[in-house]
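Me: I would like to learn how to read a structural model feature by feature. Could you take me through this one, giving the general idea and then the case at hand?

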Amino acid sequence: MGWMPDLITDSGATNSGGTETPSGGAEASGGAYRWYVLGLLTLVSMFSIADRLVFSILLEDIKAEFAFSDGQIGLLGGLAFAATYVVIGFPAARLADRSVRKNIVAGAIGFWSAMTALCGLATGFWTLFFARTGVGVGEGCSGPASQSLVADYFRREELAKAMGFLTIGATMGTAGGLLIGGQLNELFGWRWAFMLMGLPGVLIGAIVYFTMREPKRGQYAPKGAEINQQPLLQTAKVLTGNRVFMGLAVGWAVQIMIGYALAFWMAAVMMRNFGISSGDVGLYLGLAFLIGGIPGPILGGYIAGWLTKRDERWRAWLPGMVSLGCVVPLGLSLSSSSFWPFLIYFAIAYAIYVASQAPILSGIQAAVEPGQRGFAVAIALFFNNLVGQALGLAVIGWVSDWLAPTQGTLSLTISVFAVCLVSGIAAMAVFAWTAAQMGPSGYLAKMAKDPG
């Protein structure tokens, strides 16, 4: 009994067929309870993103206090977090594929919340850098376990819809980090904003640990699917040879450069272009994220579910189309000299962008074996954070610094749009290639075993 032993060994037994019987029994994944679990995991996702991106609304004050450049801010927002996130993600994913996933989620949110609070004690670049790495360690443990849980609570035909609702957590976290972080910054300063943002996660972790039941692993997988975890090298070889999975993972990494650019840099763009306070930016930009970000993933999930019943290739076609499509209203937003058109076009761009997440996440989970799901998410998040967050945010900061002598405060605006445009075009190409690897139907089970 106790916390750590439950993390190491699965609470369920293994029956003669090689599948697990969770401690919660058959009812663990049925009825309304699964929606409670999805809601709780969505709340975890919300605080994951809020604690990660509250930095964006505080960065101008942090930059002023420590005299950081945009390049240094980009490293703190991207590399400091992503480097440890991707490293810890692999052992955490292996653990998630054989142990009690809900306990991993509970422990992870408690740890990253504490590290978020420690960011408020920073004395310079390196202390803030290492506190941010701690946030990455905690959040790197949560993603693989959370997505694997959702795949065992919802059938394949419902998975896109469920992942659409899970994506709302990221939207609410982005908005909450801006809204709450901006107000806390105005009232108490950036240090207390970090500390107060970190507190709720400890309570949520306790709720996850005491109220969430572990579902039967792979209960909705196709007949003959591999439920049990296979050796590491074998798992890695199968996944990297699965062209559908790899296409979705790489495409997601390329297109999420847009998401991180909007979530991390847009607050600074507003402050520099319109000269308004962090509290007002948090309020208005947070509301724009909510207005665009709540209907976007829900509609994306329902549309993806409807389209993929007719042709599985829509799991790649849809995110490719919206990745490029969102750049048009984003360009209108960033070129607006008036505040309200800027905000309206931004909300439209974000709504289009987040419609891509449900088909990507559901496609990744459905394209691999149940015993590979956690590790598959870790591989996807490796590319996601290394390319989308670490590289993307740093490049935007460096380009902004390079343009600053000639473009002034507009340098960041130009840099954000240029990176998003390149990302949208590249993502469309990758997802189009991925769709070409799929048959019109039934690829999900067979592609993991026979990508050729």
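**Reading the model, feature by feature**

Reply: Let us begin with a charged pair: glutamate 312 and arginine 315 form a salt bridge, with 2.9 Å between their closest N and O atoms. Please keep in mind throughout that this is a predicted model.

Me: Are glutamate 312 and arginine 315 buried or exposed, and how is that decided?

Reply: A residue counts as buried when its relative accessible area is under 20%. Glutamate 312 has a relative accessibility of 6% and is therefore buried, and arginine 315, at 4%, counts as buried too. Elsewhere, salt bridges with shared partners bring Glu60, Lys63, Asp70 and Arg272 together in one network.

Me: How many salt bridges does the structure hold, and what does the one between lysine 63 and aspartate 70 look like?

Reply: There are eight salt bridges in the structure. In the one you mention, the side chains of lysine 63 and aspartate 70 come to 3.0 Å, N to O. Lysine 63 is partly exposed at a relative accessible area of 22%, whereas aspartate 70 is buried at 4%.

Me: Which residue meets arginine 191 in a salt bridge, and where do the two partners lie?

Reply: The side chain of arginine 191 meets that of glutamate 65, at 2.9 Å from N to O. This pair links distant parts of the chain, since arginine 191 belongs to helix α8 and glutamate 65 to helix α2, 126 residues apart. Both ends have some access to the surroundings of the chain by the computed areas: arginine 191 counts as partly exposed at 26%, and glutamate 65 counts as partly exposed at 43%.

Me: Turning to aromatic side chains, how many aromatic pairs are there in the whole structure, and how should I read the geometry of a pair?

Reply: The whole structure contains 28 aromatic pairs. For the geometry one looks at the angle between the ring planes, and an angle over 60 degrees counts as edge-to-face. Tryptophan 35 and phenylalanine 165 are such a case, because their planes stand at 85° while the ring centres are 5.9 Å apart. Tryptophan 35 is in helix α2 (residues 33–66) and phenylalanine 165 in helix α7 (residues 156–188), so this pair ties together parts of the chain 130 residues apart in sequence. Tryptophan 35 is partly exposed, with 34% relative accessible area, and phenylalanine 165 is partly exposed as well, with 25%.

A further edge-to-face pair is made by phenylalanine 66 and tryptophan 190, at 5.9 Å centre to centre and 70° between the planes. Phenylalanine 66 lies in helix α2 and tryptophan 190 in helix α8 (residues 190–198), so that distant parts of the chain, 124 residues apart, are linked. Both of these residues are buried, and both belong to one aromatic cluster whose members include Phe55, Trp126 and Trp265.

Me: What should I make of the cysteines, and how many disulfides does the structure hold?

Reply: A disulfide is a covalent bond between the sulfur atoms of two cysteines. The structure holds zero disulfides. For cysteine 420, the closest cysteine sulfur is that of cysteine 326, at 7.2 Å, which is too far for a bond. Cysteine 420 counts as buried, at 0% relative accessibility, and cysteine 119 is likewise buried, at 1%.

Me: How do I read the contacts of a single residue, and what does methionine 271 touch beyond its sequence neighbours?

Reply: One sets aside the neighbours within four places in sequence and asks what remains, which for methionine 271 is Ile57, Glu60, Ile276, Ser278 and Val281. Methionine 271 lies in helix α11 (residues 243–274) and is buried, with a relative accessible area of 13%. Its C-alpha atom is 7.1 Å from that of valine 281, ten residues away in sequence.

Me: Finally, which residues make up the nonpolar surface patch, and how much of the chain is buried overall?

Reply: The patch, of about 490 Å², consists of Trp317, Met321, Leu324, Leu421, Ile425 and Met428. Helices α14 (314–325) and α19 (411–436) are the elements that give two or more residues to this patch. Leucine 324, in helix α14, is partly exposed at 33%. Over the chain of 452 residues, 61% are buried, and the secondary structure comes to 20 helices and two strands.

Note on methods. Residues numbered from 1 in each chain as written. Predicted model: local features only at pLDDT ≥ 70, side-chain atom pairs only at ≥ 80, totals over all residues. Heavy atoms only, no water. Patch = residues over 30% accessible without salt bridge, like charges linked within 9 Å, V, L, I, M, F, W, Y side chains within 5 Å. Areas by Shrake-Rupley, 256 points an atom, 1.4 Å probe, with all protein chains shown as cover. Salt bridge = Lys/Arg side-chain N within 4 Å of Asp/Glu carboxyl O. Helix = DSSP H or I, 4+ residues; strand = E, 2+ residues; numbered from the N terminus. Buried < 20%, exposed > 50% of the residue type's maximum accessible area, 1.4 Å probe, protein only. Disulfide = S-S within 2.5 Å. Phe/Tyr/Trp six-rings, centres within 6.5 Å; stacked < 30°, edge-to-face > 60°. Contact = heavy atoms within 4.5 Å.
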